[in-house]
Amino acid sequence: MQAEGDESEVESEGCHHLELRSKVPAWDAQQQCWSLDFKGRATMPSMHNFQLISADSSSNSNNNNNNNNTIILQLGKIDKNVYTMDFCYPLSAFQAFAICLSSFATSAGLEP
């Protein structure tokens, strides 16, 4: 049995959280649109394309060019109904896939 003041300590033991944010796109003067650099991993435009970075690294960036931020997860379209997912630690494959899948659930039927 725990004392009332001990609950927060037990809940925080071994629990770690990671806050992710969308990477801020850069203005592409040639195409006259906002874009993200997928390094060739996304070859088609899509409303589902995204890149996530750590919230800590995005808050440390004082300029609009976020090239120094490590991309934790990215989803990019490569063909009709075909996407590529790239992720790294600390996300597991299951977590990365769940995040990517949720991006489709919120906009079903909006893109041909």
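Reader: Let's start with the shaky bits. Over residues 5-11, how many contacts beyond four places in sequence does the model have?
Author: Keep in mind that this is a predicted model, and pLDDT stays under 50 over residues 5-11. Where pLDDT is low, the coordinates shouldn't be read in detail. For what it's worth, the number of contacts beyond four places in sequence for residues 5-11 is 2.

Reader: And which other stretch has pLDDT under 50, with 4 contacts beyond four places in sequence?
Author: For the chain as a whole, the mean pLDDT is 79, and 71% of the residues reach 70 or more. There's a stretch where pLDDT stays under 50 and the model has 4 contacts beyond four places in sequence. That stretch is residues 61-66.

Reader: OK, on to the layout. In what order do the elements run from the N terminus on?
Author: The secondary structure comes to 3 helices and 6 strands. Reading from the N terminus on, the elements go α-β-β-β-β-α-β-β-α.

Reader: Which strand pairs with β5 over 6 bridges?
Author: β5 covers residues 71-79, and the pairing is antiparallel. Between the two strands, the hairpin has 2 residues, and Asn 81 takes a positive phi near 60° there. Gly 76 stands opposite Thr 84. The strand carrying Thr 84, at residues 82-87, is β6.

Reader: How many bridges join β4 to β5?
Author: These two strands run antiparallel. One of the matched pairs has Phe 50 with Leu 75 of β5 as its bridge partner. The number of bridges joining β4 to β5 is 4.

Reader: Which residue in β4 stands opposite Ser 22?
Author: β4 also pairs with β1 (residues 20-22), in the antiparallel sense and over 3 bridges. In that pairing, the β4 residue that stands opposite Ser 22 is Leu 52.

Reader: How many of the 5 residues of β4 are buried?
Author: Across the 112 residues of the chain, 23% count as buried. β4 is mostly covered. Its count of buried residues is 5.

Reader: Now the core. Which element gives the most to the largest nonpolar core?
Author: That core has 8 residues: Phe 50, Leu 52, Ile 72, Leu 73, Leu 75, Leu 91, Ala 96 and Cys 100. The elements giving two or more residues are β4 (50-54), β5 and α3 (93-105). With 3 residues, the one that gives the most is β5.

Reader: Leaving out residues up to four places away in sequence, what does Leu 91 touch?
Author: Leu 91 is one of the residues in the largest nonpolar core. Core members Ile 72, Leu 73 and Ala 96 are among its contacts. Leaving out sequence neighbors up to four places away, the full list is Leu 20, Ile 72, Leu 73, Ala 96 and Ile 99.

Reader: Is Cys 100 buried or exposed?
Author: Cys 33, at 28% relative accessibility, counts as partly exposed. With the cut-off for buried set at under 20%, the 3% of Cys 100 settles its case. No cysteine sulfur pair falls within 2.5 Å, so the model has 0 disulfides. Cys 100, then, is buried.

Reader: Switching to charges: which residue forms a salt bridge with Asp 86?
Author: The closest N and O atoms of the pair are 2.8 Å apart. This bridge links distant parts of the chain, 45 residues apart, with Asp 86 in β6 and its partner in the loop between β3 (33-35) and β4. Asp 86 is partly exposed at 22%, and the partner is partly exposed at 38%. That partner is Arg 41.

Reader: Why does Lys 39 count as exposed?
Author: A search of the whole structure finds 3 salt bridges, and Lys 39 makes one with Asp 37 at 2.9 Å, N to O. Asp 37 is partly exposed, at 44% relative accessibility. Exposed means over 50%, so Lys 39 qualifies because its relative accessible area is 67%.

Reader: And what meets Arg 21 in a salt bridge?
Author: The N to O distance there is 2.9 Å. Arg 21 is partly exposed at 41% relative accessibility, and its partner is partly exposed too, with 44%. The partner is Glu 19.

Definitions and conventions:
Residues are numbered from 1 along each chain as its sequence is written. This is a predicted model: local features need pLDDT of at least 70, side-chain atom pairs count only at pLDDT 80 or more; totals for chains, interfaces and linings use all residues. Side-chain values use heavy atoms; hydrogens and water are left out. pLDDT is the predictor's confidence in each residue, from 0 to 100. Contact means heavy atoms within 4.5 Å. Two strands pair if DSSP finds at least two bridges between them. A nonpolar core is a set of buried Ala, Val, Leu, Ile, Met, Phe, Trp, Tyr and Cys residues joined through side-chain atoms within 4.5 Å. Buried means under 20% relative accessible area, exposed over 50%, partly exposed in between (1.4 Å probe, protein chains only). A salt bridge is a side-chain nitrogen of Lys or Arg within 4 Å of a carboxyl oxygen of Asp or Glu.
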